[in-house]
Amino acid sequence: MMSQIAIVYHSGYGHTGRLAEAVEAGVEQVDCANALLLSVDEAERRWDDLIAAQAIIFGAPTYMGAASGRFKMFQEATSREVMRKGYLWKDKLAAGFTNSGARSGDKLSTLIQMALFAAQHGMHWVSLDLPPANNSSSGSENELNRLGFWLGAGAQSNTDEGPDTAPPESDLATARHLGKRVAIATLQFVRGRVDQSMTVLSDR
Ligand SMILES: Cc1cc2nc3c(=O)[nH]c(=O)nc-3n(C[C@H](O)[C@H](O)[C@H](O)COP(=O)(O)O)c2cc1C
C-alpha cells in the first residue's frame with residue numbers, strides 16, 4: 001500500500017526551497033512512500049492532489065516573525081478550497097519546517113502558526129523527534145536539530161549566502177529526518193485504518 005506525502009512550500013529567495021527538497025528526499029527514503037513537492041503557486045492549481053494525499057508537510061520562510069505573506073495567502077485559500085467544501089483534509093497527517101536569517105529569528109511563531117493551521121483542518125500534527133543539539137560544550141553546528149526545535153524543523157541561512165551554500169548541511173539533514181519521520185508515521189496511520197474493527201464502546 002503506497003502513501004502520498006505532499007510538501008507545500010514557499011521560498012522567496014530559494015533557501016527554504018533547499019529544505020523542501022531535503023524533506024522530499026527524506027520521504028523518498030521510505031519504501032511505499034511517494035513525495036509530491038509543490039510550491040504554493042503549484043499547490044493552488046492542484047487542490048485535488050492535496051485532497052488525495054495522506055499527509056501534507058508545510059514549509060515557509062520566517063518573514064517578520066511569521067510565515068511569509070505568500071504562504072499565508074495559500075493558508076487562507078484553503079478556507080474556500082478545502083474547509084468549505086467539506087473539511088477535506090481531516091485526519092491527514094501534517095508537519096512543518098521553516099528557515100530564517102537569525103538563529104532564532106522568531107521561527108517558533110511560524111511553526112506554531114502552521115500547527116494551528118493543521119489543527120483548524122482537523123489534521124494530526126507530527127513533531128520533530130530529535131533531541132535539541134548544539135547545547136553543550138561538546139556540541140557543534142554540525143549536529144541534527146542544532147537550533148533546538150521540537151514542533152518542526154527549523155533552519156538558518158546566513159543572509160549573505162545564496163541557497164547554494166545556505167542553509168548548512170546539518171539543517172538539510174534535519175529536514176530529511178522530518179520527511180522520513182512523517183513518511184513512516186503516515187504509513188502507520190494508513191495501514192492502521194485498514195483495520196476497521198475498532199468500536200467506540202461508550203461516550204462516557
Ligand atoms: C521581508 C523579510 C522579512 C524577514 N524577517 C525575518 C525574521 O523575522 N527573522 C529572521 O531571522 N529573518 C528574517 N528574514 C530573513 C529570511 O528569513 C531569510 O533570508 C531566509 O533565508 C529567506 O528564505 P527564502 O530564501 O526561502 O525566502 C526576513 C527576510 C525578508 C525578505
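Okay, let's start with one contact point: F97 stands opposite A153 in strand β7. Keep in mind that this is a predicted model.

So which strands are we looking at here? Strand β5, residues 93-100, pairs with β7 in the parallel sense, over four bridges. Now stay on β7, which covers residues 153-156. Are its faces buried or exposed? Both are covered: A153 and A155 are buried on one side, and G154 and Q156 are buried on the other. As a reminder, side chains in a regular strand alternate between the two faces of the sheet.

Let's zoom out to the whole protein chain. There are six helices and seven strands, and if you walk along the sequence you get β-α-β-α-α-β-β-α-β-α-β-β-α. The radius of gyration comes out at 17 Å, close to the 17 Å the globule rule gives for 204 residues, so the chain is as compact as a globular protein of that length. Along the principal axes, the C-alpha trace spans about 55 × 35 × 35 Å.

How much of it is buried? Of the 204 residues, 45% count as buried. And about the contacts: take those between residues at least 6 apart in sequence, and 77% of them join residues at least 24 apart.

Last bit, the annotation. UniProt, in an unreviewed entry, places the feature "domain: Flavodoxin-like" at residues 5-183. Over that stretch the chain is 38% helix and 21% strand, and the C-alpha atoms at the two ends of residues 5-183 are 7 Å apart.

That's my tour, thanks.

Key. Residues are numbered from 1 along each chain as its sequence is written. This is a predicted model: local features need pLDDT of at least 70, side-chain atom pairs count only at pLDDT 80 or more; totals for chains, interfaces and linings use all residues. The radius of gyration is taken over C-alpha atoms; the globule rule is 2.2 Å times the number of residues to the power 0.38. A residue is buried if 20 or more other C-beta atoms lie within 10 Å of its own, exposed if 12 or fewer, and partly exposed in between; C-beta atoms are placed from the backbone. Two residues are in contact if their C-beta atoms, placed from the backbone, lie within 7 Å. Two strands pair if DSSP finds at least two bridges between them. UniProt positions are given in the numbering used here, feature names are shortened, and annotations may be inferred rather than shown by experiment.
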